[in-house]
Amino acid sequence: LREEDIGGSSSFITMIHGCNEATKLAIEIAQNGAGYAFMPCCIRDGLYGNVSRVAQVDDATRHTVMVGLVAGQYGAHLISAIDQRITNRNLTIFGGYSLHDEDDAPALRNDGS
C-alpha cells in the first residue's frame with residue numbers, strides 16, 4: 001500500500017493508540033482530503049508545533065495538552081473522549097471531513113454522546 005493510494009474525500013482513516021510518528025504520519029496522509037479519527041498514545045516532546053516540552057504536570061494533563069496541540073496544528077474539528085476505564089489514553093481527534101451542513105449534523109448531548 002502506497003501513501004498516495006490513501007486519502008481523498010471518499011476515505012476515512014482511523015487509528016487507535018498510534019505512538020509518536022505513527023499519529024503524525026496518519027494525520028499527514030489524511031490531509032489529502034480524508035476524514036479521520038485518531039486516538040494518539042505516546043506523544044514525544046518536540047514532535048508537534050512550537051511547544052518543545054510540557055513539564056511539571058501529571059501524565060494525564062500532559063497527554064491532554066499534547067492532544068490539543070496536535071488537534072490545533074492539523075485543524076481538527078473535534079476532540080472527544082471514551083471512558084478512562086477502557087484506556088488512560090482516551091482522547092480521540094476527529095477531522096478532515098466537511099462541516100458544510102452543520103444544521104443536518106447530529107447534536108451532541110451534554111454528556112458527550
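## The S3–S4 pairing

In this predicted model, strand S4 (residues 91–95) runs antiparallel to S3, and four bridges tie the pair together. One spot to look at is Ser-80, which sits opposite Thr-92 in S4.

## The rest of the sheet

Zoom out and S3 and S4 turn out to belong to an open sheet of four strands, ordered S1-S2-S4-S3. The pairing across this sheet is mixed. Which strands sit at the edges? Those are strand S1 (12–18) and strand S3 (78–81), each with pairing on one side only. As for twist, neighbouring strands are turned by 15 degrees against each other on average, ignoring direction.

## Two helices across the strands

Helix H1 (residues 21–30) lies across S1 and strand S2 (35–40). Against S1, H1 runs at about 170 degrees.

Helix H2 (residues 59–73) takes in another set of strands, lying across S2, S3 and S4. With S4, the angle of H2 is about 5 degrees.

## The buried face of H1

So which residues of H1 are buried? They are Thr-23, Ala-26, Ile-27, Ile-29 and Ala-30. Look down the axis of H1 and these buried residues fall within an arc of 160 degrees, so they line one face of the helix.

And what covers them? The cover over the buried residues of H1 includes strands S1 and S2, along with helix H2. S1 and S2 are also the strands that H1 lies across, while H2 itself lies across S2 as well as S3 and S4.

Notes:
Residues numbered from 1 in each chain as written. Predicted model: local features only at pLDDT ≥ 70, side-chain atom pairs only at ≥ 80, totals over all residues. Heavy atoms only, no water. Pairing = 2+ DSSP bridges. Axes fitted to C-alpha atoms, helices over the stretch in contact; angles between N-to-C directions. Contact = heavy atoms within 4.5 Å. Buried < 20%, exposed > 50% of the residue type's maximum accessible area, 1.4 Å probe, protein only. Arc of directions from axis to C-beta.
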